[in-house]
Amino acid sequence: MRLVSLGDNVCDCYLDEGTFYPGGQAVNVAVDARRSGAERSAYLGVLGDDDRATYLRACLAKEGVELDRARCAHGATASPGVRLVNGDRQFFAGARDTVAHLLGLRIAREDLEYLSEFDVCHTTNEAGIDHELARIHQAVTVSYDFSVYFDDEVLERVCPNVDIAFFSAAEMPATGIGALIEKAHAHGCKVVVVTRGEEGSVCSDGTTVHEQGICPVDAIDTMGAGDSFAAAFLVRYLDTHDVPQSMAFAAERAAQTCTLRGAFGYGRAI
């Protein structure tokens with residue numbers, strides 16, 4: 001299975017411990033896909049040229065993540081502040097004059113040719129490339145993480161160019177989950193996954209709705225757990241097309257991530 005993850009990169013600064021960790025939704029999925037067994041994993045996004053970007057590149061190289069089409073721009077890496085409260089993360093805005101805030105990613109013909117080499121292109125609400133989804137979807141299967149941002153306008157605009165959709169809806173009642181799944185399918189998504197925090201997850205393949213509980217673990221940090229779930233689900237599902245097996249594997253991988261500091265480790269002094 002081959003996955004390319006398109007979108008953001010950051011260094012999460014854990015303010016209370018004076019440590020930063022490489023991350024960003026797209027970066028996390030690229031790393032977690034490789035750790036979950038993908039034979040090939042790549043990241044495509046705009047990296048800065050500061051010391052943190054250099055460190056991020058080195059971490060991705062150690063994890064076997066390709067950067068063949070990643071951009072390098074003159075500027076700083078986005079570095080939001082993070083504090084852990086009862087094991088859950090709270091974010092604090094960092095500097096806004098970073099490559100993530102100042103520059104957007106444009107998709108060239110060569111990028112589309114590169115994306116077509118993969119089984120799936122995963123992207124997110126943070127990537128800033130919704131306007132490019134139609135072109136990307138012509139080249140490769142698209143997976144998209146909506147996170148918690150999925151009002152009717154967003155669903156209508158994004159879902160027609162998405163094959164596998166991920167939503168975070170920990171506070172949503174079961175009736176709302178069902179309605180969300182129906183809307184996503186109606187707008188074109190073939191597979192819809194909804195994570196519900198401690199309540200586990202739900203997945204619909206268009207014919208059957210499957211449920212999966214969480215895997216109990218001594219969690220120390222939930223950073224990146226949802227990205228681990230998405231990456232593991234994609235790796236296993238695209239290899240087997242077995243939804244229950246894929247959800248169980250994803251729950252295990254997400255639980256394991258909760259035992260690490262940062263989204264996938266590699267802490268370094270701020």
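How many residues does helix 2 have, and what does it reach from its first C-alpha to its last? Helix 2, residues 51-62, has 12 residues. The reach is 17 Å, close to the 16 Å expected at 1.5 Å a residue. Keep in mind that this is a predicted model.

Stay with helix 2 for a moment. Five names to note on the buried side: Ala-53, Tyr-55, Leu-56, Cys-59 and Leu-60. They cover an arc of only 160 degrees around the axis, which puts them on the same side of helix 2. The general rule behind that: an α-helix has 3.6 residues a turn, so residues three or four places apart point the same way. Now the other side of helix 2. There, Asp-51, Ala-61 and Lys-62 are exposed. Just past the end of helix 2 comes Gly-64, with a positive phi of about 75 degrees.

Next, the sheet. It is open, with 9 strands and mixed pairing. The order reads 6-4-1-10-11-12-13-14-15. Which strands stand at the edges? Strand 6, residues 65-66, and strand 15, residues 209-212. Each has a single partner strand, so one side of each is left without a neighbour in the sheet.

Now look inside the sheet. Strand 12, residues 164-168, pairs with strand 13, residues 191-195. The sense is parallel, over 5 bridges. For one specific link, take Ala-165: its bridge partner in strand 13 is Val-192.

Last item: helix 7, residues 174-186. This helix packs on the sheet. Helix 7 touches strand 12, strand 13 and strand 14, the last being residues 201-204. The direction of helix 7 makes about 150 degrees with that of strand 13.

Technical notes:
Residues are numbered from 1 along each chain as its sequence is written. This is a predicted model: local features need pLDDT of at least 70, side-chain atom pairs count only at pLDDT 80 or more; totals for chains, interfaces and linings use all residues. Side-chain values use heavy atoms; hydrogens and water are left out. Two strands pair if DSSP finds at least two bridges between them. Helices (H or I, at least four residues) and strands (E, at least two) are DSSP runs, numbered from the N terminus. Contact means heavy atoms within 4.5 Å. Axes are lines fitted to C-alpha atoms, for helices over the stretch in contact, and angles run from 0 to 180 degrees between N-to-C directions. The expected span of a helix is 1.5 Å times one less than its number of residues. Buried means under 20% relative accessible area, exposed over 50%, partly exposed in between (1.4 Å probe, protein chains only). The arc is that of the directions from the helix axis to the C-beta atoms.
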